Amino acid sequence: MVWVKLVSTSLITLIMIYMIYYSLVSIKAYRGNFKIAPHHKARTKFLVLIPAVNEEAVINIPVDDLKNQKYPKKLFDVYVIADHCTDKTAMIAKKHGAKVITTEMGLNVKRHGVGKSNTLDYGLHYLGLNEWNKYKYVVVIDSDNNVASNFLQRLNDYAVEFSEPEAIQVHLDSKQGHGFINKGLNLSFANCKNKLNTYHNIWQILTIYAGKCGQVRCQSTLLESCSLRSSEEESCTIPRS
């Protein structure tokens, strides 16, 4: 049928345009000159949110890593948002040192989005503007992520060096393992960082890749503007206004 050919041709064309763009950016990235932020005294305050749904088997991983950050404890707080969990996610997170927000706390708000964004929507409403407005950035970590011990310090370094930029693009890597699939995943993440994301940094373009390495800035009207509600795949670092 004519419409089937039209749709398939359009899709192929779009894919080809994207691949050409990706290839050109990748080639350009090899010649990029990137500024590495030096160490700066810790001063940036972070609100770290970990959305979770029945993650009792892994929730201790990011919580422990964040607890062991080489960064002043007074400059960050870690909240686990346990969304309709039927397991021990909330209890384990609290035991390992995180503050916990649960849907059993009874906040009656209209929630938007699906998956991660829906959970973040609830958590941010629960905290309210008066609470999260105390922080300079909101950082979102997945419930099974490992977090490097210098993660918050390096975020602080770049925030200070570049006068609190609207966005900070962090490096996301995959967990090392064995097998063909895992090695392919590792290559994919490395490819994205070393080529596409790296040159986007020069152009000051935000890249959201695999749901965990994109950060965006918004004003203190976040809860009204629904900036976190567009996609389940957004992980964000959000400076307040």
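At 30% relative accessibility, E164 counts as partly exposed, a class that lies between buried (under 20% relative accessible area) and exposed (over 50%), as computed with a 1.4 Å probe and protein chains only. The structure is a predicted model, in which local features need pLDDT of at least 70 and side-chain atom pairs count only at pLDDT 80 or more, while totals for chains, interfaces and linings use all residues. Residues are numbered from 1 along each chain as its sequence is written, and side-chain values use heavy atoms, with hydrogens and water left out.

The side chain of E164 forms a salt bridge with that of K136, at 3.3 Å from N to O. E164 lies in the loop between α5 and α6 and K136 in the loop between α4 and β4, so the pair ties together parts that are 28 residues apart in sequence. Helices (H or I, at least four residues) and strands (E, at least two) are DSSP runs, numbered from the N terminus. A salt bridge is defined as a side-chain nitrogen of Lys or Arg within 4 Å of a carboxyl oxygen of Asp or Glu, and a search of the whole structure finds six of them. Side chains of opposite charge can pair when their charged atoms come close.

Two further salt bridges lie within helices. In the first of these, the side chains of K67 and D64 meet at an N to O distance of 3.8 Å. K67 and D64 are three residues apart in helix α2 and are therefore separated by about one helical turn. K67 is partly exposed, with a relative accessible area of 40%, whereas D64 belongs to the buried residues of α2, listed as P62, V63, D64, D65 and L66. The buried residues of this helix pack against β1, β2 and α3 (89-95), where contact means heavy atoms within 4.5 Å.

The other pair is formed by R154 and D157, whose side chains meet in a salt bridge of 2.7 Å, N to O. Because R154 and D157 are three residues apart in helix α5, about one helical turn separates them. An α-helix has 3.6 residues a turn, so residues three or four places apart point the same way. The two partners differ in burial class: R154 is partly exposed at 24% relative accessible area, while D157 counts as buried at 1%.

Helix α5 (residues 151-161) is mostly covered, with eight of its 11 residues buried. Besides D157, the buried set comprises F151, L152, Q153, L155, N156, A159 and V160. The buried residues of α5 pack against three strands, namely β1 (46-52), β2 (76-82) and β4 (137-140). N150 is found in the loop between β4 and α5 and is partly exposed, with a relative accessible area of 38%. N150 and Y71 are 79 residues apart in sequence, yet their C-alpha atoms are 7.4 Å apart in space.

After α5 comes S163, in the loop between α5 and α6 (180-203). The phi of S163 is positive, at about 55 degrees, although this residue is not a glycine. S163 is exposed, with a relative accessible area of 63%. A positive phi is also found at N54, where the value is near 50 degrees. N54 lies in the loop between β1 and α2 (60-67) and counts as partly exposed at 35% relative accessibility. Most residues other than glycine have a negative phi.

T103 lies in the loop between β3 (99-102) and α4 (116-132). T103 is buried, with a relative accessible area of 14%. The side chain of T103 reaches the backbone nitrogen of H84 at 2.8 Å; a polar contact is a pair of N or O atoms within 3.5 Å, and within protein one must be able to donate a hydrogen and the other to accept it, residues adjacent in sequence counting only if both atoms are side-chain atoms. When neighbours within four places in sequence are left aside, T103 is in contact with A82, D83, H84, R111 and Y122.

A nonpolar surface patch is formed by M1, W3, V4, V7, L11, L14 and I17, which together have about 760 Å² of accessible area. Patches are made of residues with over 30% relative accessible area and no salt bridge, like charges being joined within 9 Å and nonpolar side chains (Val, Leu, Ile, Met, Phe, Trp, Tyr) within 5 Å; accessible areas come from the Shrake-Rupley method with a 1.4 Å probe, and for residues only the protein chains shown count as cover. Within this patch, L14 is placed in helix α1 (residues 2-29) and counts as exposed at 56% relative accessibility.
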